[in-house]
Amino acid sequence: MTAIPSPTLVIDGGVFAYLVASTTARDSDGALVPDAPSPLLRAREDLISLREQFGAGRMIMAWDGGGASARDKMIREYNARLAEGVAAHPAYKAARRARRDADPTACAMYERARELTEFLCVALPAWGVEQVIAPAGYEGDDALATIARDATRWPGQIVLCTSDHDLWPLLVDPRIAMFVPGDELPFRGEDLLKREGLTPTEAASVAAIAGCASDGVRGLKGIGMAKALRLVRACPGIVGLLAASTPVSDIMIRASIASFDPKAAKFAEQAIAGREIVELTERLTRLYDVELENDIAQNAQKGQKEDGN
């Protein structure tokens, strides 16, 4: 009988560090605690608890790469092509950084998370937790996705410990589950429809059309998740057809939507007119397969997650 591999638990390092740093710095009412104790002990306790909860054979902490964001480069290239008078797309996560910088409490939490990250990079190997870093310019989300998609290197069940919606499309693979810190149980692809109202397959296309407010990715103006989902269900291949940018593809979009959901026809015209922003948004919300680094010696200097999401 072939042994069933124990689950591999893959943790978003930036989210983990921020949550531990912030929860240990506040009392039960949410107020900041003066001279709060080091969060390192709490981090170890949480990791032990996660290992026991999932019976994890391997635990991997995934960190952001440093350097200039590859997604910001995509935005700059898009903005350079815009016609005069057309509003430029803001920098990636710019609004989130602005909100943080304007809030002294948030700044203190991010600094505390940054310090915890430095300690974790040293402590995790002794605790039996592996670490990987995304290449410069890419995010911990890309590292999580790379691990989740590689069934040869990481066989068996994969549990992604993160709160990031960008990873929902990965749940199309029945090997993969997602655990949001604070929840009691993980969820899989079949649970996503009940939980969020869409399937993993639909999630990537909806994000490409509606954007991602938390990351400052615009999407089509006036089309949120609900309208985007109507478009995707009326024409499942709409994102690829928009990218094709041909008269035939536009006819196919209009015909599919008219036959499935005539009331969504006006949204289809918005999508066709805004195909360039849909193309950009698809690239910004896409999860990239990347070459993972395992040398953690300079991890603290590589610019870990600034935002905790």
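1. Let me start at Ser249: setting aside neighbours within four places in sequence, Ser249 is in contact with Leu241, Ala244 and Arg275. Please keep in mind as you read that this is a predicted model. Ser249 belongs to helix α11, which covers residues 247–260. With a relative accessible area of 2%, Ser249 is buried, since the cut-off for that label is under 20%.

2. The side chain of Ser249 also has polar partners in the backbone. One of its polar atoms lies 2.7 Å from the backbone oxygen of Thr246. The backbone oxygen of Leu241 lies 3.2 Å from a polar atom of the Ser249 side chain, and Leu241 is also on the contact list of Ser249. If you would like a long-range distance to check, the C-alpha atoms of Ser249 and Ala91 are separated by 31 Å, with these positions 158 residues apart along the chain.

3. Two backbone angles deserve a look. Ser245, in the loop between α10 (238–244) and α11, has a phi near 55°, which is a positive value in a residue other than glycine. Lys93 also has a positive phi, near 60°, and is likewise not a glycine. Lys93 sits in the loop between α3 (70–81) and α4 (94–101).

4. Are these two residues buried or exposed? Lys93 has a relative accessibility of 6% and therefore counts as buried. Ser245, at 42% relative accessibility, counts as partly exposed; that label applies because the value falls between the limits of 20% and 50%.

5. Now to the sheet. Five strands make up an open sheet, ordered β3-β2-β1-β4-β5, and their pairing is parallel. The edges are taken by β3 (130–133) and β5 (176–179); each has a single partner strand, so one side of each has no neighbour in the sheet. On average, neighbouring strands here are turned by 25° against each other, with direction ignored.

6. For a closer view of one edge, take strand β4 (residues 158–161), which runs parallel to β5 and is joined to it by four bridges. Within this region, Leu160 stands opposite Met178 of β5.

7. At the other edge, strand β3 contains Gln131. Is Gln131 buried or exposed? Gln131 has a relative accessible area of 5%, so it is buried. Its side chain takes part in a polar contact of 2.9 Å with the side chain of Trp63. The Gln131 side chain also reaches the backbone oxygen of Cys121, at 3.1 Å.

8. Helix α1 (residues 13–23) is mostly covered, with nine of its eleven residues buried. Those buried residues are Gly13, Gly14, Val15, Phe16, Ala17, Tyr18, Val20, Ala21 and Ser22. Which elements cover them? The cover includes the strands β1 (8–12) and β2 (58–63), together with the helices α2 (40–54) and α5 (104–123). At the start of α1, the backbone nitrogen of Gly14 has a side-chain oxygen of Asp12 within 3.2 Å.

9. The packing of α1 on α2 can be described further. Two packed helices are described by the angle between their axes and the distance between the axes. For α1 and α2 the angle is about 125° and the axes are 9 Å apart. That angle makes α1 oblique to α2, and their crossing is right-handed. On the α1 side the contact is made by Phe16, Val20 and Thr23, while α2 contributes Arg42, Ala43, Asp46 and Leu47. Phe16 and Val20 are also among the buried residues of α1. An α-helix has 3.6 residues a turn, so residues three or four places apart point the same way.

10. My last point concerns helix α8 (residues 200–210) and helix α9 (residues 225–234), whose axes come within 9 Å and cross at roughly 125°. The two helices are therefore oblique to each other, and α8 passes α9 in a right-handed crossing. Which residues meet here? From α8 they are Glu202, Ser205, Val206, Ile209 and Ala210. From α9 they are Met225, Ala228, Leu229, Leu231, Val232 and Arg233.

Note on methods: Residues are numbered from 1 along each chain as its sequence is written. This is a predicted model: local features need pLDDT of at least 70, side-chain atom pairs count only at pLDDT 80 or more; totals for chains, interfaces and linings use all residues. Side-chain values use heavy atoms; hydrogens and water are left out. Buried means under 20% relative accessible area, exposed over 50%, partly exposed in between (1.4 Å probe, protein chains only). Contact means heavy atoms within 4.5 Å. A polar contact is a pair of N or O atoms within 3.5 Å; within protein, one must be able to donate a hydrogen and the other to accept it, and residues adjacent in sequence count only if both atoms are side-chain atoms. Two strands pair if DSSP finds at least two bridges between them. Axes are lines fitted to C-alpha atoms, for helices over the stretch in contact, and angles run from 0 to 180 degrees between N-to-C directions. Angles under 35 degrees count as roughly parallel, over 145 as roughly antiparallel, 65 to 115 as roughly perpendicular and the rest as oblique. A crossing is left-handed if the near helix is turned anticlockwise from the far one by less than a right angle, and right-handed if clockwise.
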